[in-house]
Structures are given as structure tokens and as C-alpha cells.
Amino acid sequence: MCARSRRRPSLICVTTRSAVFYKIISNKNLLKTSYSMKRSRIIDIIKHPEEIGFGSKVCVKGWVRTKRGNSNVAFIALNDGSIVTNLQIVAEPAKFGDDLMKLITTGSCLHVEGTLVESAGKGQTVEVQAEMIEVYGTADPEVYPLQKKGHSMEFLREIAHLRPRTNYFGCVLRLRHAMAFAIHKFFNDKGFFYLHTPLITASDAEGAGEMFNVTTFDLNNVPRTEDGKVDFKKDFFGKHTNLTVSGQLEGELGALALGNIYTFGPTFRAENSNTPRHLAEFWMIEPEMAFYDITDNMDLAEEFIKYLVQYALDHNMDDLRFLNDMFDKELIARLESVLKQDFIRLGYTEAIDILLKADKKFDYKVSWGIDLQSEHERYLVENHFKCPVILTDYPKEIKAFYMKQNDDGKTVRAMDVLFPTIGEIIGGSEREADYQKLLNRVHELNMTEQQYWWYFETRKFGSAPHSGFGLGFERLLLFVTGMTNIRDVIPFPRTPQNAEF
RNA sequence: GCUUCCUUAGCUCAGUUGGUUAGAGCAUCUGACUGUUAAUCAGAGGGUCCAAGGUUCAAGUCCUUGAGGGAGCGCCA
């Protein structure tokens with residue numbers, strides 16, 4: 001007898017070759033804490049059962065997806081999040097008792113120890129013959145919201161605290177992790193440095209969108225100056241501050257010292273955007289490279305996206321196959337096709353010509369100088385070329401002040417990577433490295449050098465040609481997962497009027 | 001922010017020109033079944049028809065307002 005069984009006389013201690021088991025003998029003792037073995041992850045059992053060995057004892061812990069069977073045998077599909085596939089637990093009700101079997105319902109959490117065997121049934125290669133079952137947590141089937149049948153994405157959004165337990169969201173979260181990891185790997189392997197740019201910024205007009213204020217003021221009693229304006233000198237930072245809408249300007253400071261850097265962090269936009277492609281809080285990757293011109297920039301962007309897609313195909317095929325089978329029958333084929341084709345590279349002026357010659361009637365009239373609308377971008381990508389398109393050399397009037405001005409005096413070296421259904425997945429440019437040209441542009445836009453004095457100093461001191469771009473992480477995930485609403489590729493979406501969870 | 005659609009059982013949805021007691025599948029509960037595969041079979045329970053107001057002999061159905069959600073557009077990544 002071991003020490004533990006002396007403290008718990010209601011349990012029988014059974015010693016076997018590889019493990020110690022406690023069998024519950026009293027029907028009332030259904031929620032005992034018992035343990036013995038090291039937990040195996042279900043992915044390891046399913047992928048490499050030979051390493052554990054058929055006939056060996058295993059310990060698994062996870063959440064019940066379904067329970068089937070009859071009075072003689074029960075089949076419990078257990079999922080621990082390590083892989084989309086469930087592990088089949090075979091349990092004989094006579095061995096465990098009705099009271100315990102009743103607690104095993106969809107959503108309940110179990111600790112199971114038993115023997116790993118080749119499956120006697122079809123549909124799976126391995127299963128575990130249960131010898132000990134401990135119920136960590138029950139899930140009352142009358143009120144537990146998740147069922148083994150499918151749910152709508154809209155319903156799952158309302159229970160974002162539980163949706164990670166669905167097959168669908170497990171796939172998305174594993175892919176999300178894989179893409180985040182692959183992003184760091186891609187840049188690290190290329191000698192890029194990960195730069196942490198600030199989330200709180202005092203730059204008032206970065207131009208990328210409406211910003212969230214950051215303050216410690218008591219909003220019911222805001223300090224005022226003599227002329228009635230908000231007195232930000234009394235605020236935490238002594239000036240008006242916001243959450244960042246981009247790390248790019250600070251990223252340039254890093255690139256002009258370290259060579260190649262990238263940022264990867266959260267970004268905040270207070271735009272009242274209600275679409276399946278916008279979030280108020282999202283993650284963005286912004287590489288910035290010294291000595292890269294616009295062509296180098298495009299090459300990197302294309303290589304980057306293809307690397308990430310290849311990484312997903314190489315490392316997350318189980319998840320992709322599930323999403324392909326259940327949601328988007330063309331997902332894997334679409335991912336593979338992107339790898340095969342070169343992205344079309346096209347000047348804005350040529351794009352306008354194509355649109356002017358198009359048979360299609362657009363709601364927004366096409367002429368040189370307009371900002372391309374969704375319908376125009378979609379026509380180019382989905383109808384005309386039927387593949388990703390990189391558009392360059394936009395009119396300077398519709399692009400940001402920091403983009404390098406072309407010799408024609410009319411266009412700047414911007415680039416937008418456009419993807420089918422998603423639209424703009426990457427936006428970037430070669431940066432204006434000439435101090436005087438940058439200054440002139442800022443004055444044209446009625447902005448002041450002073451608010452970006454530190455940015456201008458990089459052009460005063462050792463300026464260098466450089467380029468960069470921004471990739472919306474969730475938009476990448478839309479493409480990689482085949483999902484159609486951006487709220488379904490981030491664990492806890494923040495959108496106008498919604499900050500639950 | 002603009003336009004438009006939707007809201008009926010726990011979930012997904014049907015519900016006819018407004019007309020008796022609002023239905024189905026799945027889920028749940030009870031029972032059957034010796035290996036299931038979103039198990040199957042039989043039975044049962046389950047409804048503030050989003051909310052408020054209005055029209056009408058009569059409203060799930062028509063009208064008004066509000067709330068929540070989706071899609072399209074704008075802004076953008």
C-alpha cells in the first residue's frame with residue numbers, strides 16, 4: 001500500500017508494471033483527485049503511437065467532444081487542443097458505474113489512464129482502453145452551449161470564451177500561432193531584428209486612421225487651461241497621447257541603424273468601420289529595410305507571403321484539411337496556387353488603363369488620380385488577372401507624405417499587395433530619403449516638421465534609401481484559413497460597440 | 001458613418017393573401033441496442049415568436065420606434 005491510499009481509504013491502489021492506478025470503488029467518490037502518470041498529448045499518441053507502444057499505459061487529459069455507445073461499451077471522443085483529431089476512449093460502463101458515466105458529457109473535462117491499443121473499429125487507428133477515469137469538471141448538458149453539431153460563426157462569436165473548444169477555432173488558433181512563429185522565423189533567418197516600437201504615441205497625425213486617446217484624467221473632471229481647452233500638461237505624459245496606429249515611423253529609426261528590422265505587435269484604430277475586414281485592435285507586421293528600393297521591397301513582400309503559406313502547408317495540414325473539408329473546399333488548392341504563380345506587378349497608371357477599357361460598369365467612375373475603390377481592386381485581382389497583384393506608383397495626392405517621390409513629380413513609390421476577396425493585404429513604399437523633398441511635401445500638406453522633428457533628423461544625419469511595408473496579421477489569417485470574417489481569426493475581437501471578453 | 005437584410009425551442013431553421021392549440025432536424029430527458037464514428041431506433045419534455053407602441057374582429061405575419069447581429073459601401077491593414 002502506498003502513502004496516498006492510506007490517506008484515502010476509499011480508494012484501491014493498484015500497482016502495475018508502469019504505473020500506479022487508483023480505482024474508485026465508491027459511487028460517491030466521482031471527483032477524486034487521483035493521478036500517477038505523466039500526461040501524453042493526444043497529437044503525440046495519434047501521430048506516433050509506435051513510440052509509446054501498443055499495449056503501453058497512457059495518461060491523457062482533455063475535453064469530451066461526444067460520447068456514443070450502449071450499456072455495454074461507451075466511446076468517448078476526447079480532445080486536448082493539441083490536434084484537431086479526437087482520441088477515442090473506450091470505456092465499459094460496468095467498470096465505472098452509471099453515476100460516473102453520466103458525468104461524461106459533451107464539454108466535460110477528463111483525466112483518463114488506460115492501455116493504448118490498435119482500434120478495433122473503423123475510423124481511427126488507435127484508441128485507449130480506459131482503466132481509470134477521473135472527471136475534472138462536469139458540463140451540464142442542459143446549459144452547456146457547445147454541442148457536437150455545428151454552430152454558426154455568429155453564435156460562436158457571442159461565446160468567445162468557449163469557442164476555442166470548437167474544432168474550427170482550435171484550427172484557427174493553431175494556425176494563428178504557426179503564422180506568428182513563422183513570421184519571427186522568416187525574419188530571424190534573414191538577419192532581421194525584432195524591434196519593439198511604442199504602443200503609446202504622442203504623434204498626433206500619423207495619418208493612418210482615427211486614434212484612441214490615452215489618458216489618466218478623471219473624465220468627469222478634466223483639467224482645463226484658462227481658455228477652456230483640455231490641459232494635457234497635467235496629464236500623465238504631459239502631452240496628448242494616443243494608442244499607436246502604426247510602428248512604421250519608429251521602425252524607420254531602427255532600420256537606419258540596424259539595417260533590417262521588423263515590428264510585430266498590436267495596432268489600434270478608432271475608425272467606425274463595420275466590415276468583415278476591419279478590427280479596432282489588430283496585429284500588424286512592419287518590416288523596414290535600409291538600402292532596399294521599391295523592387296527589393298516587392299520581392300521581400302512576395303517571398304514573405306509565400307513563405308508563410310508554405311509554412312502552413314508544411315506544418316498545419318491537419319488544420320487546413322479540416323477547414324478545407326468543413327468550410328472552404330478550395331482552400332488548400334488556393335494556397336497551393338499562390339505558391340506557383342508570380343504576383344502580377346503593375347503600375348497605377350496601367351491599372352487605370354485596364355479599368356477604363358473594362359466592360360464592367362463601376363459605381364465609382366474611373367479616371368487617373370482617383371483612389372482605387374474596392375470594386376476596382378476586385379476587378380483587377382478577381383476578374384482581370386485572377387491572381388495576387390502588386391500595384392505601384394500611385395498619385396502622390398492619395399498616399400502618405402513619407403513615400404518616395406518619383407521623378408515625374410506626380411507619383412510616389414507606393415506598393416499595395418491585393419489579394420482576392422481580402423483586398424489590400426499589404427501596404428508599403430520606398431520612403432522619401434531626401435530631406436528637402438520630404439520637407440516640401442510636409443509643407444504642401446500643411447503639416448509641420450516640428451511634430452516629426454526626430455523623424456526628420458534621420459534625413460538630416462546619414463540618410464539612406466530604405467523601404468518597408470505593413471502586413472495585417474488577421475488579413476493574412478483570413479487568407480490562410482479561408483475564413484470570411486476577420487472576427488473569426490482573432491480570439492477576442494474588438495470592433496465598434498463590442499469589447500466583450 | 002451610409003445602405004440593406006435578419007432576429008421564432010438550447011442550436012440551425014420553416015411558418016402560405018393576417019385566421020383554431022406555432023412546427024421540423026439536431027440537442028436534452030426516458031427506454032432499447034454487445035464496437036460506435038456528428039451512432040441508430042422508439043417515446044417525452046421544451047416557446048415572453050428580440051423589446052415597446054400601433055393598425056385590426058383577429059398579428060409570429062402589417063406599421064412605427066428602439067436593441068442586437070449579418071452583408072455591401074466608405075475609411076484602411
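This section describes the overall architecture, the charged side chains and the aromatic contacts of chain A in a predicted model.

The secondary structure of chain A comprises 16 helices and 18 strands. Along its principal axes, the C-alpha trace extends over about 85 × 60 × 45 Å. Chain A contains 501 residues, of which 50% are classed as buried. Among the contacts in chain A with a separation of 6 or more, 65% are made by residues 24 or more positions apart. The accessible surface of the chain amounts to about 24,700 Å², and carbon and sulfur atoms contribute 51% of this area. The charged side chains of chain A number 61 positive and 67 negative, and a distance of 8 Å separates the centres of the two sets.

Helix α10 illustrates how one element is covered by others. This helix spans residues 317–326, and its buried residues are Asp-319, Leu-320, Phe-322, Leu-323 and Asn-324. The cover over the buried residues of α10 includes four further helices, namely α7 (167–189), α9 (294–315), α11 (331–340) and α16 (473–481).

Aromatic contacts were examined next. A pair of aromatic rings is described by the distance of the centres and the angle of the planes. Across the whole structure, 26 aromatic pairs were found. One of them joins Phe-187 and Phe-192, whose ring centres lie 4.9 Å apart with 40 degrees between the planes, a tilted arrangement. Both Phe-187 and Phe-192 are buried. A second pair is formed by Phe-401 and Tyr-402, with 5.4 Å between the ring centres; because their planes stand at 75 degrees, and angles over 60 degrees are assigned to this class, the pair is edge-to-face. Phe-401 has a relative accessibility of 6% and is therefore counted as buried, the limit being under 20%. Tyr-402, with a relative accessible area of 12%, falls under the same 20% limit and so is likewise buried.

The pair of Phe-187 and Phe-192 belongs to a wider arrangement, since ring pairs link these two residues with Phe-181, Phe-186, Tyr-194, Tyr-262, Phe-304, Tyr-307, Tyr-311 and Phe-469 into a cluster.

Aromatic rings also lie beneath positively charged groups. The charged end of Lys-410 is placed over the ring of Trp-368, at 5.2 Å from the ring centre. Similarly, Arg-459 is positioned over the face of Tyr-455, with a distance of 4.2 Å to the centre of the ring.

Key
Residues are numbered from 1 along each chain as its sequence is written. Chains are lettered from A and ligands numbered from 1 in the order in which they are written. This is a predicted model: local features need pLDDT of at least 70, side-chain atom pairs count only at pLDDT 80 or more; totals for chains, interfaces and linings use all residues. Side-chain values use heavy atoms; hydrogens and water are left out. Helices (H or I, at least four residues) and strands (E, at least two) are DSSP runs, numbered from the N terminus. Buried means under 20% relative accessible area, exposed over 50%, partly exposed in between (1.4 Å probe, protein chains only). Contact means heavy atoms within 4.5 Å. Accessible areas come from the Shrake-Rupley method with a 1.4 Å probe; for residues, only the protein chains shown count as cover. Lys and Arg count as positive and Asp and Glu as negative; His and the chain ends are not counted. The place of a charge is taken as NZ of Lys, CZ of Arg, CG of Asp or CD of Glu. Rings of Phe, Tyr and Trp (its six-membered ring) pair if their centres lie within 6.5 Å; planes under 30 degrees apart count as stacked, over 60 as edge-to-face and the rest as tilted. A charge sits over a ring if NZ of Lys or CZ of Arg is within 6 Å of the ring centre and within 35 degrees of the ring normal.
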